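Let's take a walk through this model together, starting with the empty spaces and then moving out to the helices and loops. Keep the viewer open as you read.

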Amino acid sequence: MRRREFITLLGGAAAAWPLVARAQQAERMRLIGVLMAYAAFREALQKLGWAEGRNIRIDTRWATPDVEAMQRLAKELVALQPDLILSQSTPTTAALLQQTRTIPIIFANIADPVGSGFVASFPRPGGNVTGFVLFEPTMAGKWLELLKEIAPRVNRVAFLFNPATATYFEYYMNSFKAAAASFGVEAIAAPVHDRSELESVFALQAHEPNSSIIVMPDSFLNAHRVEITSLAARYRLPAIYPYRLYTKVGGFLSYGNDVFDNYRRAAGYVDRILKGEKPSELPVQAPVKFELVFNLKTAKALGLQIPDRLLALADEVIE
């Protein structure tokens, strides 16, 4: 009988993180835990020959999105001694690596694995972790470019992030400041440490004319996306977001990688590691699929006209 193999996941792009629970079964079946993008990950695994009920089993439980919870769940997860862990975000990957340097870990969507100390380099990770990243830091320049094309009068932009969950904030912040200088825009760092600080950031920006906000890729901010987009609407601030999940709930514009696509690609690494390859031999990969989404209702409420050229490039336009 083949030894039991576990594929488990600790992630963090939505409002909570699931953690697989070890099941006691007579038959030795592979166990997979998943976060959001469950369907995309599952479908990709099925194409690789991993079918639920036949050779894999999926089991999850949930925790609140905070750093202490991540650390506790990481310790609990590693104690199960899985054969492989699939991680979502930078903070969850960091929490897992505090607990193990031997169990293979695949991250699906993180910011700066080299700067975070997870891997030695993209082509040669060198340890027990590899996976797929969100964006290059130059994405901050693209967000500013889009903003200035649609709202050319904007001359001050705040970059919103939580330092506890976006520990990589300088990875984007340095690029953001450089791009802001080239566009003649005042770059403002806007760190928040909990939900109660969000409104003060928006109120402060709205107090000055021609202001805007860019939301950094950050699991804390993702969890509070409804409140963030509502604040942007209330204070009439054109805000740029990294994911379509913001424009779906009323955000003005989002541009970023397709996180679902990274989950599909992560399934390929899961398959390869379960078949004997090592994370140290699998290069970290950049995203290959990006999405530009506009919310026309929000644009109209802000009094903004989106150029036809950009509308033609959009992957989705929400009426």
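## Spaces, helices and loops

Let's begin inside: this structure, a predicted model, holds two cavities of 30 Å³ or more. How do we get at such spaces? Rolling a probe the size of a water molecule over the atoms shows where empty space is left.

Take the second largest cavity, which encloses about 40 Å³. Which residues line it? Walking along the chain, you meet Thr229, Ala232, Ala233, Leu237, Ala239, Tyr241, Gly250, Gly251, Phe252, Thr298 and Leu302. Sorted by class, that lining has seven nonpolar and four polar residues, with no charged ones. Helix α8 (225-234) and strand β12 (239-241) each put in at least two residues, and the largest share, three residues, belongs to α8.

Now for the open spaces. The largest pocket has a volume of about 260 Å³. Its lining counts 16 residues, and the ones closest to the centre are Val154, Asn210, Arg236, Pro238 and Leu304. By class, the lining of this pocket splits into eleven nonpolar, two polar and three charged residues.

Arg236 deserves a second look. You'll find Arg236 in the loop between α8 and β12, the two elements that each supply at least two residues to the lining of the second largest cavity. Is Arg236 buried or exposed? Its relative accessibility is 51%, and the cut-off for exposed is over 50%, so Arg236 counts as exposed. Check its backbone too: phi of Arg236 is near 55°, a positive value in a residue other than glycine. For context, most residues other than glycine have a negative phi.

Gln81 is another residue to check for this. Its phi is also near 55°, again positive in a residue that isn't glycine. Gln81 lies in the loop between α2 and β6 (84-87), and because its relative accessibility is 55%, Gln81 counts as exposed.

From that loop, step back to helix α2 (residues 67-79) itself, which packs against α3 at an angle of about 50°, with the two axes 8 Å apart. That angle makes α2 oblique to α3. The crossing of α2 past α3 is right-handed.

How much of α3 is covered? Mostly covered is the verdict for this helix (residues 90-99), with seven of its ten residues buried. Those buried residues are Thr90, Pro91, Thr92, Thr93, Ala95, Leu96 and Leu97.

To finish, let's visit two loop residues with partners far along the chain. Tyr168 is in the loop between β9 (156-161) and α5 (169-183). Tyr168 has a relative accessible area of 8%, and since buried means under 20%, Tyr168 is buried. Ala111 is 57 residues away from Tyr168 in sequence, yet their C-alpha atoms are 6.9 Å apart in space.

Then there's Gln305, in the loop between α11 (296-301) and α12 (308-313). Is Gln305 buried or exposed? Its relative accessibility is 63%, so Gln305 counts as exposed. Gln305 pairs up with Ala151 across 154 residues of sequence, with 8.3 Å between their C-alpha atoms.

Terms used. Residues are numbered from 1 along each chain as its sequence is written. This is a predicted model: local features need pLDDT of at least 70, side-chain atom pairs count only at pLDDT 80 or more; totals for chains, interfaces and linings use all residues. Side-chain values use heavy atoms; hydrogens and water are left out. Buried means under 20% relative accessible area, exposed over 50%, partly exposed in between (1.4 Å probe, protein chains only). Helices (H or I, at least four residues) and strands (E, at least two) are DSSP runs, numbered from the N terminus. On a 1 Å grid over the protein atoms alone, a cavity is a set of points where a 1.4 Å probe fits but cannot get out, and a pocket is an open set with protein on both sides within 12 Å along at least five of seven lines; lining residues have an atom within 4 Å of a point. Grid points are joined across faces, edges and corners, and a volume is the space filled by probe spheres set on the points. Ala, Val, Leu, Ile, Met, Phe, Trp, Tyr, Cys and Pro count as nonpolar, Asp, Glu, Lys and Arg as charged, and the others, Gly among them, as polar. Axes are lines fitted to C-alpha atoms, for helices over the stretch in contact, and angles run from 0 to 180 degrees between N-to-C directions. Angles under 35 degrees count as roughly parallel, over 145 as roughly antiparallel, 65 to 115 as roughly perpendicular and the rest as oblique. A crossing is left-handed if the near helix is turned anticlockwise from the far one by less than a right angle, and right-handed if clockwise.
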